[in-house]
Amino acid sequence: APRYGRLAGVVVDSDTGEPLPYANIFLADASLGTAANEAGIPPGVLNIVPAGRESGDHLVRHPDVDKVGFTGSPGAGRAIMAGASTHLAPVTLELGGKSASIILEDADLDVAIPTILGSGLMNSGQACVAQTRILVHESIHDEVVTRLVEAMQALKVGDPMDPETNVGPMVAERQRERVEKYIALGQEEGAKIATGGGRPAGLDTGWYVEPTLFVDVDNSMRIAQEEIFGPVLVVIKFRDTEEAIQMSNDSDYGLSGTVWSADPNTGLEVSRRIRTGSFGINAFGLDFGGPFGGFKNSGIGREFGPEGLEAYLVTTTVHLPAGFEPELA
C-alpha cells in the first residue's frame with residue numbers, strides 16, 4: 001500500500017525471508033494489533049516487532065524506513081538520530097523532562113497541591129511530563145511543604161491493579177536502584193527529605209519506592225536537573241516571579257510545565273517566557289488534538305494534532321503544462 005508510506009519497515013520471516021502477516025504480534029497483550037485490524041488498517045502498514053536495541057538500530061538505519069518516531073531517553077534519541085542520518089530519514093523524538101510547577105504567592109493551594117501531586121507522581125513518577133520540580137514563592141514555602149507532606153503521606157502505595165492504589169511500583173529492579181541512588185545523591189548534595197526516602201513496609205513483591213519529597217533544594221543540584229523517573233519531587237524556593245522563570249528555564253529539558261496564580265493573565269505572561277513544549281495555567285493536562293513535544297533535550301518535532309500528522313507527510317510540487325486542467329480524483 002504505497003500511498004500510506006513505509007512507516008516502520010517490513011517484518012520478514014528469518015528463515016524464509018517472506019513478509020510476515022500484517023500485525024504479526026509476539027506479545028501476550030495484542031490489543032494494539034487487534035484494534036488496528038478492527039479499524040481496517042491495510043495489511044503491511046503496521047508491524048509490531050518486540051525486540052532489543054540491535055533490531056531497533058537495524059530498522060533505524062535501514063534505507064526502506066522513511067520516517068522514525070521515538071519516545072524514550074535523550075541518550076537513545078541521539079543514537080537514533082545518528083542512525084537515521086545515514087540515509088537522512090526525518091525523526092520525531094519525544095524524550096525526557098524535568099518540568100517545573102511554579103506556585104506564585106497568590107495561588108489557590110487547594111487546587112494546586114492535589115493537581116501538582118497527580119502530575120508529579122503519575123505512573124509512579126515514570127512519565128516524561130511529570131512535574132517533578134516544584135518552585136514555590138518564599139512567602140508560602142512552609143505552608144506548601146506542610147501540605148505536600150501531608151498529602152504524600154496519605155497516598156496509598158501498592159498493587160497497581162487495586163483501584164485504591166495511588167502509587168505503584170517501578171517498572172524494574174534496575175529502575176528502583178536508579179531512583180534510590182538519586183535519593184542518596186540528594187542527601188549527599190545537602191537536600192533534606194521531608195517525607196519518604198525508603199521502601200514501603202509490607203510490599204515484598206514488586207519494586208516499590210516511597211513517595212519522596214526533598215526540601216532545601218538548590219536548582220543546580222542533580223536531583224533538580226536530572227530526570228529521576230520515579231516518585232521523587234523537589235521543592236525549590238524563589239523570591240520573585242523573575243527568579244522563578246529563570247529557574248524554570250535553567251534546565252537541559254523543556255517538555256512541560258505549569259504556573260499557579262489567582263490571576264490567569266499573570267499565568268499567561270509567565271507561560272510566554274517558559275521555553276517548554278506545553279504549559280498549563282492553573283491546570284495540567286494533555287490535549288491529543290494539539291501538538292505535543294519539547295525543546296532542548298526533551299526532543300525534536302511534535303506529536304498529536306495537525307502538526308503531528310504533518311510530520312509524516314511529504315509535499316511534492318507538480319508543475320503542469322500551460323492550459324492543462326487535470327481531472328481531479
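This report covers the overall make-up, one helix pair and the nonpolar cores of a predicted model.

Local features need pLDDT of at least 70 and side-chain atom pairs pLDDT 80 or more, while totals for chains, interfaces and linings use all residues. Residues are numbered from 1 along each chain as its sequence is written, and side-chain values use heavy atoms, without hydrogens and water.

The protein has 10 helices and 12 strands (DSSP runs, H or I of at least four residues and E of at least two, numbered from the N terminus). Buried residues (under 20% relative accessible area, 1.4 Å probe, protein chains only) make up 41% of the 329 residues.

The axes of H4 and H5 (lines fitted to C-alpha atoms over the stretch in contact, with angles from 0 to 180 degrees between N-to-C directions) come within 10 Å and cross at roughly 50°. The two helices are therefore oblique to each other (neither under 35 degrees, nor over 145, nor 65 to 115). The residues that meet (heavy atoms within 4.5 Å) are tabulated by helix.

| Helix | Residues in contact |
|---|---|
| H4 (residues 109-120) | Leu 109, Asp 110, Ile 113, Leu 117 |
| H5 (residues 141-153) | Glu 143, Val 144, Arg 147, Leu 148, Ala 151, Met 152 |

In the largest nonpolar core (buried Ala, Val, Leu, Ile, Met, Phe, Trp, Tyr and Cys residues joined through side-chain atoms within 4.5 Å), Ile 102, Phe 214, Val 217 and Ile 223 touch the most other members of the 27. Elements giving two or more residues to this core include strand E3 (99-103) and helix H6 (173-189). A separate core of 21 residues includes Ile 113 and Leu 117.

Definitions and conventions. Buried < 20%, exposed > 50% of the residue type's maximum accessible area, 1.4 Å probe, protein only.
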